[in-house]
Each structure stands twice: as C-alpha cells, then as structure tokens.
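These notes are meant to be read beside the coordinates, one point at a time. They begin with a term and then move through the chain by region.

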Amino acid sequence: MNYIVFDLEWNQSPNGQAGEHPRIPFEIIEIGAYKLSDSYEIIGDFRRLITPKIYKRLHKYIRTILNYDERELKSNGVDFKSACTDFLEWCGEGLSEGEEYAFCTWGTADLFCLQNNMDFYRMEKLPFPLKYFNIQQIFGEMYLKNSDICKLEKAVDMLKIEMDKPFHAAINDAYYTARVMQRAHLKNLKEKYTYDIYRHPKSKDEEILDFHNSIIERITMEYPSKRDAMSNKELSGVVCPKCGKPTKRRVKWFQMNGGNQVAVGKCLIHGNVMATIKFKPASDSRDDVFAIERVEKIKRRKYIELKDKREKMLEKKRIIREIS
C-alpha cells in the first residue's frame, strides 16, 4: 500500500457570507502531496496551484498566511478539474495490480473540501465508503493527554523535526505531515483508519459497522431525529469491542459538552467500555441526522470521571427544576 499524504489551501469569500457561493464555501487554490511507501519512505511528490474562478480576490486573513498571492495563482495556476484529475492519476501511479493507496491528512477538513470542490465541478465521486488516516487524531492518541488534537506546527516541534520550510503552503504542510508519520514510528497504522463522512449511508444496507484498532466504529443511516436514532437498540446498546457481547450498563446515556452522547458498560471478561455517539445533520432538513458511534475500552479512572460528570449534570438539572 502507498500512503498519499496531502494538504490543501483554499480561499473563501472576501466579503463574508454575503458573497459566499452556497455550493462551494471554500475554493481550493493549492494541492500539495507526498507519496509514501509501506515503510513511510518518500517516493514522490505532487503540487499544483489553482487559478480561482469563484473567489478571485483572496480573503484578508488567508492573504496573511499564504506564501503567494493572486498574481502567482493567475500566472502559475491551472483550473481545478485539471489539477484534481492530475492529482488522482498521480495517486495511483506505480501501483502493481491489486495494490491500493490510502489518503492521509492532518485533520478531517481537507478530504471534505476536496470532495466538495469535485462535486461543484461535477467530477466522478471518490469511492464509498472511504477509509483514510487522520494523522492529527492518531498523533493525539499517541502523544497527548486525553487524546487531544493539536496544530501541525506543535507536532513538528514536539518531534524535533527541522522547520526548514514555511508552513501554510499545501506542499510544505504535506511534507511536515509525512515527516511526522516517519518520526512518530506509527505502528499498526493500517488498523488506525477511520471513515470519511462527506457521504453517509442512506439506507440500512449502506450502514458501516467495523471493528479495527480495538474499537467498534459505526456510521448509521439517516433518522428523522436524534430521539429516533437513540431508540434503535442496535445503536444505543453498548457491546464489548473485544468479544462483541452486550455489557452491563454502568453509566446511562447522557449528553456531554459539545453534544456527544456518552455511556459506559462493563463486560464481565474485558472490563469497562465507553460508547460515544456524535450526531451529524443528514440533509437540508432541520432535524434529520445520522450517527457516528465509537466504542472502546477504558480504564477505571475514566469510568469514575464519566460517572461523576453524569451525576453532577443530573444534580444541576434537579436544582434548576426546583428553582423554576
């Protein structure tokens, strides 16, 4: 397998929401990528500047972080469809029959933006479901307390990687992400994939249920509301990611800050497991949602923390009811 480590730079309406195109809020102006072998050796690179067609003037903030301006985009850029077609062809170059490549990004935004721009220009869609590697998340799980996420610059600094290129150019940020992969000694990376959610399941047959990296990952079809989703026992029932058996509920479902639903169960063999459900809007409807569930083993101190948090939230609600 080859790893395609890519990064994008994009522009947006310089006039704010008043000038925003509803189908393409962010217009890609640079694609930068490095191709890595199975052993994380750099075996190729790719860069294209793209001449903007929708937002021809750079947003004032974006202008301050980029290392080029409108003149360079106009003189050295190509149209998006040409750039993207070249990029996807380059991704598959050099692979033997049966071999595949996988995308690696720092965060979730780049893959989402790439597909949005492809849709705008009515290009053929990427495969569904689409697995990729979120290096930002993987790095956080390995190096940061509570699996926090951090900026690329911080990760580069933590790993003492030489900063010999300016950040905020897609080709350079892709390079630094590749260097993080090399320096972090990522073991069992092939099990640490996640699923892109630019497109989501529309029916029961399309739902994703996968066990990898010692977690259960589920992405559901659409539901009319969060309540309807939670009434589905397949989603709300907490099972052990080790043996797949139902657990005994220790902490009932409650809503954390940020809107995620969390519950804790105990497997008699493998101990405490935490289930987290994140809801995403499924369409233009105000209420329709689909759910992303993650189930993983946790230590006792995490169980105690969640138990205390739920009890405090219930106590706060009780006091509010008494006052009102």
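1. A residue is called buried here if its relative accessible area is under 20%, exposed if that area is over 50%, and partly exposed in between. Tyr 40, at 12% relative accessibility, therefore counts as buried. Please keep in mind throughout that the model is predicted.

2. Tyr 40 deserves a look for its backbone as well, since its phi is near 70 degrees, a positive value in a residue other than glycine. The residue sits in the loop that joins β2 to β3 (42-49), and these two strands form a hairpin with five residues between them. The strands of this hairpin pair in the antiparallel sense over seven bridges.

3. Which residue stands opposite Glu 30 in β3? The partner is Leu 49, while Glu 30 itself belongs to strand β2 (residues 27-36). On its other pairing, β2 runs antiparallel to strand β1 (residues 2-11) over nine bridges, and within that pairing Leu 8 is placed opposite Ile 31 of β2. Strand β2 is mostly covered, with ten of its ten residues buried.

4. Glu 30 is a charged residue that is nonetheless buried, its relative accessible area being 0%. Where does its side chain reach? A side-chain contact leads to the backbone nitrogen of Ala 170, at 3.0 Å. Leaving aside residues up to four places away in sequence, Glu 30 touches a set of residues that includes Asp 7, Leu 8 and Glu 9, the run Arg 47, Arg 48, Leu 49 and Ile 50, and also Tyr 68, Ala 169, Ala 170 and Ile 171.

5. A second positive phi is found at His 168, which has a value of about 70 degrees although it is not a glycine. His 168 lies in the loop between α6 (152-158) and α7. Is this residue buried or partly exposed? With a relative accessible area of 29%, His 168 is partly exposed, because it falls between the two cut-offs of 20% and 50%.

6. The peptide bond from Phe 128 to Pro 129 is cis, with omega near -5 degrees. Pro 129 is part of the loop between α4 (109-120) and β5 (131-134).

7. Helix α5 (residues 135-143) packs against helix α7 (residues 170-183) at an angle of about 35 degrees, and the two axes are 11 Å apart; the crossing of α5 past α7 is left-handed. On the α5 side the contact is made by Ile 135, Phe 139 and Tyr 143, which meet Thr 177, Val 180, Met 181 and Arg 183 of α7. By class, the residues of this contact divide into five nonpolar, one polar and one charged.

8. Cys 104, in strand β4 (residues 101-105), is buried with a relative accessible area of 0%. Among the residues that it touches, not counting those up to four places away in sequence, are Tyr 3, Ile 4, Val 5 and Phe 6, together with Phe 133, Ile 135 and Met 181; Ile 135 and Met 181 also take part in the contact of α5 with α7. The C-alpha atoms of Cys 104 and Gln 136 are separated by 9.5 Å, although these residues are 32 residues apart along the chain.

9. Further along the chain, six strands form an open antiparallel sheet in the order β7-β8-β12-β11-β10-β9. Its edge strands, β7 (208-212) and β9 (248-255), each pair on one side only, and the twist averages 15 degrees from one strand to the next. Within the sheet, β8 (residues 215-219) and β12 (residues 289-297) pair over five bridges, and Glu 293 in β12 is the bridge partner of Arg 218. Helix α10 (residues 300-323) lies across β9, β10 (261-267) and β11 (271-281), running at about 50 degrees to β9.

10. Thr 247 is placed in the loop between α9 (233-236) and β9 and counts as buried at 16% relative accessibility. A polar atom of the Thr 247 side chain lies 2.8 Å from the backbone oxygen of Val 238. With residues up to four places away in sequence left out, Thr 247 touches Val 238, Val 239 and Cys 240, as well as Gly 265, Lys 266, Cys 267 and Val 273.

Technical notes
Residues numbered from 1 in each chain as written. Predicted model: local features only at pLDDT ≥ 70, side-chain atom pairs only at ≥ 80, totals over all residues. Heavy atoms only, no water. Pairing = 2+ DSSP bridges. Helix = DSSP H or I, 4+ residues; strand = E, 2+ residues; numbered from the N terminus. Axes fitted to C-alpha atoms, helices over the stretch in contact; angles between N-to-C directions. Contact = heavy atoms within 4.5 Å. Buried < 20%, exposed > 50% of the residue type's maximum accessible area, 1.4 Å probe, protein only. Polar contact = N/O pair within 3.5 Å; in protein donor to acceptor, adjacent residues only side chain to side chain. Left-handed = near helix turned anticlockwise from the far one by under 90°.
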